[in-house]
Amino acid sequence: MEPDEELVERCRRKDNGAWTRLVQKYRREIFGLCFRATGRKEEAEDLTQEIFLKVFKAIGAFDSRRASFTTWLYRVARNHLVDYYRCTRKDRVTSSIEDELPQIEQNQARTDRPSDPVERSERQIVLQKALNQISPGLRQAVVLRDLHGMEYAEVSRVLGIPSGTAKSRVHRGHLELGRLLGAQQAEPAQHASALSY
């Protein structure tokens, strides 16, 4: 597949084929981001379409000297999700995260993941419920870092925050998830493995 910069340049020249390929290349990732943010398939589909519409309208503003296309795309998606939460008043207030809580392990070996599809699905549901309960700012940082495998520097660029703040949000998000998953009398480390699915 062509490099992003080439596809973007062709999109600017109104090449519909290039636009289709760009959407196909990133649709699943943006849908996943939206689904993790909302927990609802229909909402995630609508948000994904809205995000790509924004990207289509703003693609002329993309500057490859300032960021990679992926970083820019995630930033557009993140900003759209923030606007969505503001409009629908979905911001959630979380409990204190100052307590010493077990941290979720981020990188478990693939062999530690449940092999039973039913068990894996149940863990994903539990994890999604926990993700839905933490604040959008923490959830975005955790999803970008753990689900999309971004480095902290890229998370900070996508969210428009300093790198230290990105690390802090991921850490606080893990603490909150650990507290929520622990409250369900589950081992947080087991559920953390679902993050990479």
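In the predicted model described here, the side chains of Glu2 and Arg21 meet in a salt bridge, with a distance of 3.4 Å from N to O. This pair links distant parts of the chain, since Glu2 belongs to the segment before α1 (4-12) whereas Arg21 lies in helix α2 (residues 16-38), 19 residues apart. Arg21 counts as partly exposed, because its relative accessibility is 27%. The pairing also belongs to a wider arrangement, in which Glu2, Arg10, Asp15 and Arg21 are linked in a network of salt bridges.

A further connection to helix α2 is made by Lys25, whose side chain meets that of Asp4 in a salt bridge of 2.6 Å, N to O. Lys25 lies in helix α2 and Asp4 in helix α1, so this salt bridge ties together parts that are 21 residues apart in sequence. With regard to accessibility, Lys25 counts as partly exposed at 31%, whereas Asp4, at 10%, counts as buried.

A salt bridge within a single helix is formed by Glu176 and Arg179, whose closest N and O atoms are 3.0 Å apart. Because these two residues are 3 residues apart in helix α8 (residues 163-183), about one helical turn separates them. Glu176 is buried, with a relative accessible area of 0%, while Arg179, at 26% relative accessibility, counts as partly exposed. In total, the count for the structure comes to 11 salt bridges.

With respect to overall architecture, the protein chain contains 9 helices and 0 strands. Of the 197 residues in the protein chain, 44% are buried, and the chain exposes about 10,700 Å², of which carbon and sulfur atoms supply 47%. Among contacts between residues at least 6 apart in sequence, 69% join residues at least 24 apart.

Burial is pronounced in helix α6 (residues 136-147), where 10 of the 12 residues are buried, so that this helix is largely enclosed by the rest of the structure. The buried residues of α6 include the charged residues Arg139, Arg145 and Asp146, together with Pro136, Leu138, Gln140, Ala141, Val142, Val143 and Leu144. Helix α6 is followed by Gly149, which has a positive phi, near 65°.

Turning to cysteines, the structure holds 0 disulfides. Cys11 counts as buried because its relative accessibility is 7%, under the 20% cut-off, and Cys34 is likewise buried, with a relative accessible area of 0%.

Confidence varies along the model. The protein chain averages a pLDDT of 76, and 76% of the residues score at least 70. The highest mean confidence is found in helix α3 (residues 41-58), at 93, and the lowest in helix α9 (residues 188-192), at 45. Over residues 185-194 the pLDDT is below 50, and this stretch has 23 contacts in the model beyond near neighbours in sequence. The pLDDT also stays under 50 over residues 90-113, for which the model has 51 contacts beyond four places in sequence. Where pLDDT is low, the predicted coordinates should not be read in detail.

Methods: Residues are numbered from 1 along each chain as its sequence is written. This is a predicted model: local features need pLDDT of at least 70, side-chain atom pairs count only at pLDDT 80 or more; totals for chains, interfaces and linings use all residues. Side-chain values use heavy atoms; hydrogens and water are left out. pLDDT is the predictor's confidence in each residue, from 0 to 100. Helices (H or I, at least four residues) and strands (E, at least two) are DSSP runs, numbered from the N terminus. Contact means heavy atoms within 4.5 Å. Buried means under 20% relative accessible area, exposed over 50%, partly exposed in between (1.4 Å probe, protein chains only). A disulfide is a pair of cysteine sulfur atoms within 2.5 Å. A salt bridge is a side-chain nitrogen of Lys or Arg within 4 Å of a carboxyl oxygen of Asp or Glu. Accessible areas come from the Shrake-Rupley method with a 1.4 Å probe; for residues, only the protein chains shown count as cover.
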